[in-house]
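Hi everyone, thanks for making the time. I'd like to walk you through one structure this morning, so let me put it on the screen.

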Protein chains: 2
Amino acid sequence: MQTTTLNVEGMSCNHCVKAVEGAVKEAGAQGTVDLGAKTVDVSYDEATVSLDAIKAAIEDQGYDVV
Amino acid sequence: MQTTTLNVEGMSCNHCVKAVEGAVKEAGAQGTVDLGAKTVDVSYDEATVSLDAIKAAIEDQGYDVV
């Protein structure tokens, strides 16, 4: 299992938290948003999902992974 | 038909817009959010829904009508 912290711009409310965490989950990983820090802690299995796919899932929701 | 503009705190993104407009609609009225102005223009029929009920519907979503 890999873990990393992504910096994500544009998350402003609890709806955003749910949208981002839901997208990460749908991609096959686990994500936890820290709204104040503008970060998403993700954990994932490299064998089943790439970090690029997780980033793409977040960006598809309209947020910028920086 | 009555129309009024409510000042609403806490709306920060398009998810908030949808949540507020949806709540107003469920209450039986029409609402249009201006995110920049922090306002909701509402139109409603006094015979079917009170302004207080519309305000309550918005506050139930976690926003403050000020």
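Let's begin inside: which residues of the largest nonpolar core touch the most other members? The answer is A:Ile54, A:Ile58, B:Ile54 and B:Ile58, in a core of 38 residues. Please keep in mind that this is a predicted model. Both chains feed that core: β1 (2-9), α1 (14-26), β3 (39-44) and α2 (51-60) of chain A each give two or more residues, and so do β1 (2-9), α1 (14-26), β3 (39-44) and α2 (51-60) of chain B.

Let me zoom in on B:Ile58. Setting aside neighbours within four places in sequence, B:Ile58 is in contact with B:Leu6, B:Val8, B:Val20, B:Val24, B:Tyr63 and B:Val65. Two of those names come back in the sheet, where B:Val8 stands opposite B:Val65 in β4(B).

Now the sheet of chain B. It is open, with 4 strands in the order β2-β3-β1-β4 and antiparallel pairing. At the edges sit β2 (30-34) and β4 (64-65), each pairing on one side only. Between β1(B) and β4(B) there are 2 bridges.

And the helices? In chain B, α1(B) lies across β2 and β3, at about 160° to β2(B). Meanwhile α2(B) lies across β1, β3 and β4, running at about 30° to β1(B).

Last, how do the copies fit together? Chain A superposes on chain B by a rotation of 179° with 0.1 Å of shift along its axis, at an RMSD of 0.0 Å. The two copies are therefore related as by a two-fold rotation axis. What's more, 100% of the interface residues of chain A are also interface residues in chain B, so the copies meet through the same surface.

Methods:
Residues are numbered from 1 along each chain as its sequence is written. Chains are lettered from A and ligands numbered from 1 in the order in which they are written. This is a predicted model: local features need pLDDT of at least 70, side-chain atom pairs count only at pLDDT 80 or more; totals for chains, interfaces and linings use all residues. Side-chain values use heavy atoms; hydrogens and water are left out. A nonpolar core is a set of buried Ala, Val, Leu, Ile, Met, Phe, Trp, Tyr and Cys residues joined through side-chain atoms within 4.5 Å. Buried means under 20% relative accessible area, exposed over 50%, partly exposed in between (1.4 Å probe, protein chains only). Contact means heavy atoms within 4.5 Å. Two strands pair if DSSP finds at least two bridges between them. Axes are lines fitted to C-alpha atoms, for helices over the stretch in contact, and angles run from 0 to 180 degrees between N-to-C directions. Copies are superposed by least squares on the C-alpha atoms of residues with pLDDT of at least 70 in both.
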